[in-house]
Structure formats: C-alpha cells, structure tokens
Amino acid sequence: LGAIGPAKLTTVGAPTPMVSETQVTRSDAPKLLEYTWGGANVRWELEGLGSGGTRLKLWHNSNRGFISMGAAG
C-alpha cells in the first residue's frame, strides 16, 4: 500500500477471508494512506506528538445507512 494504484485488502482472523480490490489514491509513507473501499473513501493519518506518542486520525465517508455499524466497528 506504499504507492498509488491498485491494491488488495484482506481480512485477518475472519472465519472466511475476504479479499477486496481497491485503489490507493494517496500515499505518503509513513504519514498518510488514502484509498477507496466499497464505494467509499478511507484515509489514515499518523501525526507525531511532542510527548513521544502518535495520534491516529481515521476518516471515512460512508452511506448514512451504515453510520451506526461503522461507529461500532
């Protein structure tokens, strides 16, 4: 997932593995990764904190019908 272009996402630990074809739209390792998934956009951002920690920001636009499911996940 370190480059823009096609990629495959695979579930880990699921009873039946699921493989999804996706498109990486932005990649700025190790700080940012953005891709399409199931018709939505997903962005992961890592930000170093002065205390030596790291802040993870996850952004996902989802259909209104899936908001509660996404929030629970």
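## Nonpolar surface patch

In this predicted model, a nonpolar patch on the surface is formed by Trp44, Leu46, Leu56 and Leu58. Together the four residues have about 390 Å² of accessible area. Two strands, S4 (residues 40-48) and S5 (residues 54-60), each supply at least two residues of the patch.

Trp44 has its place in strand S4. Its relative accessible area is 35%, and Trp44 is classed as partly exposed because this value lies between the 20% limit for buried and the 50% limit for exposed residues.

## Salt bridges and the arginine 43 network

The model contains six salt bridges. Two of them involve Arg43. The side chain of Arg43 meets that of Glu34, with an N to O distance of 2.9 Å; both Arg43 and Glu34 are buried. Arg43 also forms a salt bridge with Glu45, where the closest N and O atoms are 3.1 Å apart. Glu45 has a relative accessibility of 29% and is therefore partly exposed, since buried would require a value under 20%.

Another salt bridge links Arg55 with Glu47, and here the closest N and O atoms are 3.4 Å apart. Arg55 is partly exposed at 40% relative accessibility, and Glu47 is partly exposed at 33%. Shared partners join salt bridges into one network that consists of Arg26, Glu34, Arg43 and Glu45.

## Charge over a ring

What does the charged end of arginine 43 sit over? The charged end of Arg43 is placed over the ring of Trp59, at 4.9 Å from the ring centre. Arg43 is thus described by a buried side chain, by salt bridges to Glu34 and Glu45, and by this placement over Trp59.

How many aromatic pairs does the structure hold? The count of aromatic pairs is zero.

## Serine 20

Ser20 is located in strand S2, which covers residues 19-28. Is serine 20 buried or exposed? Its relative accessibility is 13%, so Ser20 counts as buried, the limit being under 20%.

With residues up to four places away in sequence left out, Ser20 touches Ala7, Lys8, Leu9 and Trp37.

## Overall chain

The protein chain has 73 residues. Its secondary structure comes to one helix and five strands. Read from the N terminus, the order of elements is β-β-β-β-β-α, which places the helix after the five strands. Along the principal axes, the C-alpha atoms fill a box of roughly 40 × 30 × 25 Å.

Of the residues in the chain, 18% count as buried; among them are Ser20, Glu34 and Arg43. The chain exposes about 5600 Å², and carbon and sulfur atoms supply 57% of that area. For contacts between residues at least 6 apart in sequence, 6% join residues that are at least 24 apart.

How values were computed
Residues are numbered from 1 along each chain as its sequence is written. This is a predicted model: local features need pLDDT of at least 70, side-chain atom pairs count only at pLDDT 80 or more; totals for chains, interfaces and linings use all residues. Side-chain values use heavy atoms; hydrogens and water are left out. Patches are made of residues with over 30% relative accessible area and no salt bridge: like charges are joined within 9 Å, nonpolar side chains (Val, Leu, Ile, Met, Phe, Trp, Tyr) within 5 Å. Accessible areas come from the Shrake-Rupley method with a 1.4 Å probe; for residues, only the protein chains shown count as cover. Helices (H or I, at least four residues) and strands (E, at least two) are DSSP runs, numbered from the N terminus. Buried means under 20% relative accessible area, exposed over 50%, partly exposed in between (1.4 Å probe, protein chains only). Contact means heavy atoms within 4.5 Å. Rings of Phe, Tyr and Trp (its six-membered ring) pair if their centres lie within 6.5 Å; planes under 30 degrees apart count as stacked, over 60 as edge-to-face and the rest as tilted. A charge sits over a ring if NZ of Lys or CZ of Arg is within 6 Å of the ring centre and within 35 degrees of the ring normal.
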